[in-house]
Amino acid sequence: MKKLFTIIVCKVLKFVGGLLGKGSSLPGQIALKLCPDILGQIELPKYIVAVTGSNGKTSTVEMIAHILCESGKKVAWNKEGSNQIEGVTTLILGSCTLSGKVKADILLIESDERFAKYTFKYITPTHYVITNLYRDQLTRNGHPEWVYNAVKESIHPETQLILNADDPLVSCFGYGKDNVVWFGAGNLPTDTKEFVGVYNDGAYCPHCKSPMTYSSYHYDHIGVYECKNCGFKRQDTSYTVTSADLEKGEITINDKYKIELTLKSLYNVYNLLAAFTVASIAGVDGDTIAKSLSNYVLKNFRVVTFTLGNRKGTLVTSKHENSISYNQSLKLAASDKEKCDVLIIVDAVSRKYFTSDVSWLWDINFDILKSDNVKNIVLAGTYCNDLATRFSFSKVDKSKIKVIKDIEEAVDYLNNDSKEKIYVITCFSDKGKFLEKVKVD
Amino acid sequence: MKILHLYHDIMNLYGEYANVSALERMLEKSGVKFTTDKLTLFDNADLGDYDFIYIGSGTEKNQKLVLEDFRKYKDFLVEYINSGKVILMTGNSFEMLGKTITDADGKVYDGLGIYDFTVTEQNKRRITGDIVYTADFLTKPIVGFVNKCSEIKGIENHLFTVNHGLGDFENAKTEGLRNKNLFATHVTGPIMIKNPHFLEYIALQISKNTDGFKPCTDYLDYERAGYEITLGELTKRFEE
């Protein structure tokens with residue numbers, strides 16, 4: 001009776017919440033209060049796919065759902081992105097019958113990396129994708145090894161792990177296991193022999209802590225690594241990006257499946273590859289997946305195009321407190337064939353909590369903007385002075401930099417007759433403050 | 001002038017390398033010739049050669065690894081500190097100077113034993129937060145962030161008084177350790193960038209041991225403006 005009551009309450013709250021446009025974690029939160037072990041009482045589908053990691057969870061999950069739905073499978077997934085146990089509870093109770101059976105072929109769960117151990121206490125995923133472990137929101141997460149330990153507690157021995165082979169810390173989850181599915185990139189034209197960036201989180205073997213060597217880097221510490229001391233190394237991959245032409249916007253997976261990109265960043269290619277891998281394991285054939293993913297525009301697309309007076313621009317949402325994500329956004333601007341001005345806004349560090357910590361600015365590689373196509377750089381928001389200080393230690397030409405604290409004034413400053421395109425680089429917390437002042441295309 | 005950034009590639013969290021960058025910038029502006037050595041595990045530094053030493057924060061695992069390597073410097077370090085030369089240790093790096101570090105599993109690691117404090121780690125909850133501290137040697141407060149999983153008990157000569165935020169342990173009113181020109185604090189991130197007056201004070205201490213170094217401080221406009229804004233934001237927040 002308690003089970004039925006809890007399911008009904010959750011469904012009703014979810015329905016009412018939906019009408020009011022409220023978040024998706026409250027119904028689950030109340031359900032868990034009513035019946036703390038409710039998740040253990042639900043009959044789940046044969047396939048339960050979990051996705052976690054620092055970056056790319058939401059995009060990866062959305063693409064997996066897209067492919068599976070297009071190929072006729074019924075998927076229950078946390079579309080709204082509420083990825084802690086409460087949100088997952090809303091998802092599961094919202095998609096089950098009154099008798100407690102999830103009506104789907106596949107349950108697909110995006111899980112917050114730090115809290116996965118709570119979510120997967122009652123649910124044992126059949127497949128578990130771990131995308132990457134980067135320095136992300138360190139004001140809460142501590143550091144990547146701290147998150148590694150938290151994720152480790154969420155892994156059941158019988159679960160099939162699907163891991164990014166190019167990320168050394170993620171690969172550690174598969175150490176000594178022989179049933180892991182690995183995905184990663186082959187030799188790419190953009191690879192470097194030397195490390196590029198401010199800090200190298202792959203300098204030491206995550207397993208034995210001896211110095212590690214790389215034969216190539218794809219970006220940051222993502223690459224082909226080997227520890228000569230303990231033998232820990234990048235594993236051979238079953239799902240591989242065998243070629244990537246980012247200028248053209250095309251990649252090939254396993255020498256065979258061509259996919260056209262909407263977001264021409266290598267960083268996004270990994271999300272796509274993870275989705276390809278999961279869909280293949282779920283039995284969708286490669287050609288169908290490639291067709292589904294080609295030119296697919298993410299619903300949670302983090303790139304917005306806009307018009308400001310006579311000028312065209314692109315806003316790239318870049319996570320604050322996440323240097324690797326931020327570097328990728330800087331690369332988008334710096335690798336544009338057209339000349340551009342760049343506006344960087346740091347007004348609130350996070351939309352979810354208060355902090356004044358800007359140490360993460362020092363982990364970002366702003367030297368990327370030392371590029372001939374970048375003309376002017378405008379720094380705005382509450383922390384514009386911290387940005388200006390950080391830039392004064394970068395290789396970017398000082399004469400290109402203008403500091404304007406007030407976002408509206410910064411927008412006015414850019415509203416001129418220049419022919420150059422505008423790139424705006426900012427976070428979820430601040431993007432609305434800019435977009436309300438321009439015409440979104 | 002010689003700077004040593006020790007364990008630069010393994011005690012390297014939270015952009016703390018910029019503490020060294022901050023001093024280097026000031027030396028450049030002051031017209032002082034200097035070299036910086038970036039050394040790490042298994043290297044051998046002659047500490048006595050240097051005018052400033054810096055060590056930053058690392059993961060708990062990396063700190064234990066570094067601790068084993070760091071032991072070899074104990075006698076030289078004591079001599080360095082006693083001679084009044086300047087050393088800054090931030091985050092969990094300075095925990096190595098105490099009697100013991102007990103990890104989350106209860107395993108006890110001997111520290112260098114230069115000071116009598118003890119450190120206890122746990123792995124349940126990351127202890128983080130913005131801070132405002134004061135010190136009698138500074139005219140303005142220190143702003144910053146603490147990111148740790150440990151408590152420290154038994155520090156005699158503290159570096160800072162806690163105005164807002166976390167101290168050495170829960171509800172502690174003091175933070176960090178000072179002995180002569182050893183400055184040790186759990187404030188993470190580039191404290192010398194974020195607090196230009198702290199950089200000035202450190203530079204002044206270095207200059208006392210260095211002929212011909214008159215710290216130039218008239219270029220720090222953005223640093224000072226950034227500091228004032230953060231101090232304002234934090235004061236507003238903590239007094240709400």
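This passage walks through a predicted model of chains A and B, moving from the parts of chain A to the fold of chain B and then to the place where the chains touch.

A good starting point is the layout of chain A, which is divided into two parts: domain 1 covers residues 41-293, and domain 2 covers residues 303-440. The C-alpha centres of domain 1 and domain 2 of chain A lie 29 Å apart. Where these domains meet, 14 residues of domain 1 of chain A are in contact with 17 residues of domain 2 of chain A. On the side of domain 1 of chain A that touches domain 2 of chain A, six residues are nonpolar, five are polar and three are charged.

Chain A also offers a helix pair to look at. Helix 3 (residues 57-70) of chain A packs with helix 9 (residues 266-281) of chain A at an angle of about 40°, and their axes are 8 Å apart. That angle makes helix 3 of chain A oblique to helix 9 of chain A, since angles under 35 degrees would count as roughly parallel and those of 65 to 115 as roughly perpendicular. The crossing of helix 3 of chain A with helix 9 of chain A is right-handed. From helix 3 of chain A, the residues A:S59, A:T60, A:M63, A:I64, A:I67 and A:L68 take part, and they meet A:N271, A:L272, A:A274, A:A275, A:V278 and A:A279 in helix 9 of chain A. The residues of this contact comprise nine nonpolar and three polar, with no charged residue among them.

Turning to chain B, its secondary structure consists of six helices and 15 strands. Along the principal axes, the C-alpha atoms of chain B fill a box of roughly 50 × 50 × 30 Å. The radius of gyration of chain B is 17 Å, which agrees with the value near 18 Å for a compact globule of 240 residues.

Finally, the contact between the chains takes 31 residues from chain B and 29 residues from chain A. On the side of chain B that touches chain A, the elements giving two or more residues are helix 1 (18-29), helix 2 (60-70), strand 8 (127-134), strand 9 (142-148) and helix 6 (221-239) of chain B. Helix 6 of chain B gives the most to this side, with nine residues. By class, the side of chain B that touches chain A holds 13 nonpolar, 11 polar and seven charged residues.

Notes
Residues are numbered from 1 along each chain as its sequence is written. Chains are lettered from A and ligands numbered from 1 in the order in which they are written. This is a predicted model: local features need pLDDT of at least 70, side-chain atom pairs count only at pLDDT 80 or more; totals for chains, interfaces and linings use all residues. Axes are lines fitted to C-alpha atoms, for helices over the stretch in contact, and angles run from 0 to 180 degrees between N-to-C directions. Helices (H or I, at least four residues) and strands (E, at least two) are DSSP runs, numbered from the N terminus. Angles under 35 degrees count as roughly parallel, over 145 as roughly antiparallel, 65 to 115 as roughly perpendicular and the rest as oblique. A crossing is left-handed if the near helix is turned anticlockwise from the far one by less than a right angle, and right-handed if clockwise. Two residues are in contact if their C-beta atoms, placed from the backbone, lie within 7 Å. Ala, Val, Leu, Ile, Met, Phe, Trp, Tyr, Cys and Pro count as nonpolar, Asp, Glu, Lys and Arg as charged, and the others, Gly among them, as polar. Domain bounds come from an automatic or database domain assignment. The radius of gyration is taken over C-alpha atoms; the globule rule is 2.2 Å times the number of residues to the power 0.38.
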